[in-house]
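Notebook open, coffee poured. I want to look up a few spots in this model and jot down what the atoms give.

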Amino acid sequence: MISEPPPFRVLSLDGGGMRGTYTATYLDQVATTFARRRGAEALDIGGAFDLIVGTSTGGIIACALAAGVPLGKVVNLYRKHGSAIFRRPLPEKLPGVAMDIYRRAAALADGEAALREALQAVLGATTLSEIYERRGIALAITAVEMSQHRAWVFKTPHFGATNHRDDAYSLVDVCLATTAAPIFRSMAALDHADCSGSEQGYNVFVDGGLWSNNPVLVGLIEALDVAAPGQGIEIFCLGTCPVPTGEQITRESVHRGLTEWKFGGDAASLAIDAQQFAYDHMAKKLAKHLGRRCEVLRFPADKVPAALIPYLGLDDTREEAIAALINQARTDADMTNSKCAYSDRDPEAALICSLFDAVPVRTDPLFKRPAPLANGPSSPSHQTEKVASNV
């Protein structure tokens, strides 16, 4: 009897600013519980996935997971450096706008420097090609390139016909590009990684959340390019504790101005909510027509409690906000772990349990995952040759 090959597993991580604290804590807590069940010290969460896609704060977490960085370090990054990264909260009233006009540019520059320093302490100087060679985990991180206003996906060299455009970009630079949210952060000017000396040029990037805050479709398309023919695909989507969606708006209040939209900040939050719903549904509809088993699961699926709403600002760096996100993440992780008791009759619980049962045990700070086989699912020599340049 020929056993079915393991599924091609994808982790898709949404953007959401400081709410990445929730995402990192949730994953860490679920994995910690499974580690105890399995009698292990700790699990290497990134090692369970063939591909990790991420946008904005999800891009930071994606890079950390691919590099084998304990998620506790990511939570500490938000907790210790959040206020230095987001130095000036968006003004909520007109009197604060005049001061913001004069001071925001300097605050953004200081914030970029603080983020770079914090990222370097966690991710070092590792490049996309080095992380794939070391760990065999594919990465796809979204951004927007400003010279042409086009989508850009930073990729490890995991595809057989890749053009290797991004190989030499460091994880730090990739994180700066994907998190460069207009108004909240500076744009990211990155030197061309494949040039030096007098030939050195640069590209300017902004946050990938402008087109793919929920990168599930990026993950699905990439998986179809890389997975073996007929191999099952499982995509696990994780958000950032988004604000409960929907508003009851009176006819008299539809004429919102700058202050009502918090000078663009609330419009960004609205885009995050809309993309999560829309892209999840598109991915699930596409999954039915692929001619192979394809599961798309968002977890956790519980509604955000109303008490958390005051703490969900993208740039809210208050200690009480961070503590609220961490507490909610721990609560949701406990609920997820409890559901595994019903995995025999709950298909979604069964998927989550099988995922975390497959997470490798961490044996050292940089757990080394075996490199993909020459003809394995992560090295698609089985595919017809084609040009496969990055987006």
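**Helix 11.** I started with the buried side of helix 11, residues 347-357: Ala349, Leu351, Ile352, Cys353, Leu355 and Phe356. Buried here means under 20% relative accessible area, exposed is over 50%, and partly exposed is in between, with a 1.4 Å probe and protein chains only. Helices (H or I, at least four residues) and strands (E, at least two) are DSSP runs, numbered from the N terminus. Those buried residues pack against strand 1 (8-13), helix 1 (20-37), strand 7 (233-238), strand 8 (294-298) and helix 10 (319-339). At the N-terminal end Asp346 acts as the cap, with a side-chain oxygen 3.1 Å from the backbone nitrogen of Glu348.

**Ground rules.** This is a predicted model, so I note its filters: local features need pLDDT of at least 70, side-chain atom pairs count only at pLDDT 80 or more, and totals for chains, interfaces and linings use all residues. Residues are numbered from 1 along each chain as its sequence is written, and side-chain values use heavy atoms, with hydrogens and water left out.

**Glu295.** Next I went to strand 8, where Glu295 sits. Is Glu295 buried or partly exposed? Its relative accessibility is 33%, so I log Glu295 as partly exposed. Leaving aside neighbours within four places in sequence, Glu295 is in contact (heavy atoms within 4.5 Å) with Ile233, Glu234, Ile235 and Leu351. Leu351 is also on my list of buried residues in helix 11. I also checked Pro7: its C-alpha is 9.9 Å from that of Glu295, with their positions 288 residues apart along the chain.

**Gly59.** Helix 2 (residues 57-67) holds Gly59. Gly59 counts as buried because its relative accessible area is 0%. What does Gly59 touch, leaving aside neighbours within four places in sequence? I found Gly54, Ile141, Cys175 and Thr178. For Ile141, 82 residues apart from Gly59 along the chain, the C-alpha separation is 5.8 Å.

**Ser170.** I found Ser170 in the loop between strand 4 (150-155) and helix 6 (171-178). Ser170 is at 14% relative accessibility, so it goes down as buried. The side chain of Ser170 reaches the backbone nitrogen of Asp173 at 3.0 Å. Leaving aside neighbours within four places in sequence, Ser170 has contacts with Ala125, Thr126 and Thr127.

**Cavity check.** Rolling a probe the size of a water molecule over the atoms shows where empty space is left. How many cavities of 30 Å³ or more does the structure hold? I got one. On a 1 Å grid over the protein atoms alone, a cavity is a set of points where a 1.4 Å probe fits but cannot get out, and lining residues have an atom within 4 Å of a point. The largest cavity has a volume of about 80 Å³, a volume being the space filled by probe spheres set on the points, which are joined across faces, edges and corners. Its lining has 15 residues, with Phe86, Arg87, Arg104, Leu108 and Phe184 nearest the centre. Helix 4 (residues 95-123) supplies the largest share of that lining, five residues.

**Whole chain.** I closed with the totals: the protein chain has eleven helices and eight strands. Of its 391 residues, 52% are buried. Among contacts with a separation of 6 or more, 79% come from residues 24 or more positions apart.

Definitions and conventions:
1 Å grid on protein atoms, 1.4 Å probe; cavity = no way out; pocket = protein on both sides within 12 Å on 5 of 7 lines; lining within 4 Å. Polar contact = N/O pair within 3.5 Å; in protein donor to acceptor, adjacent residues only side chain to side chain.
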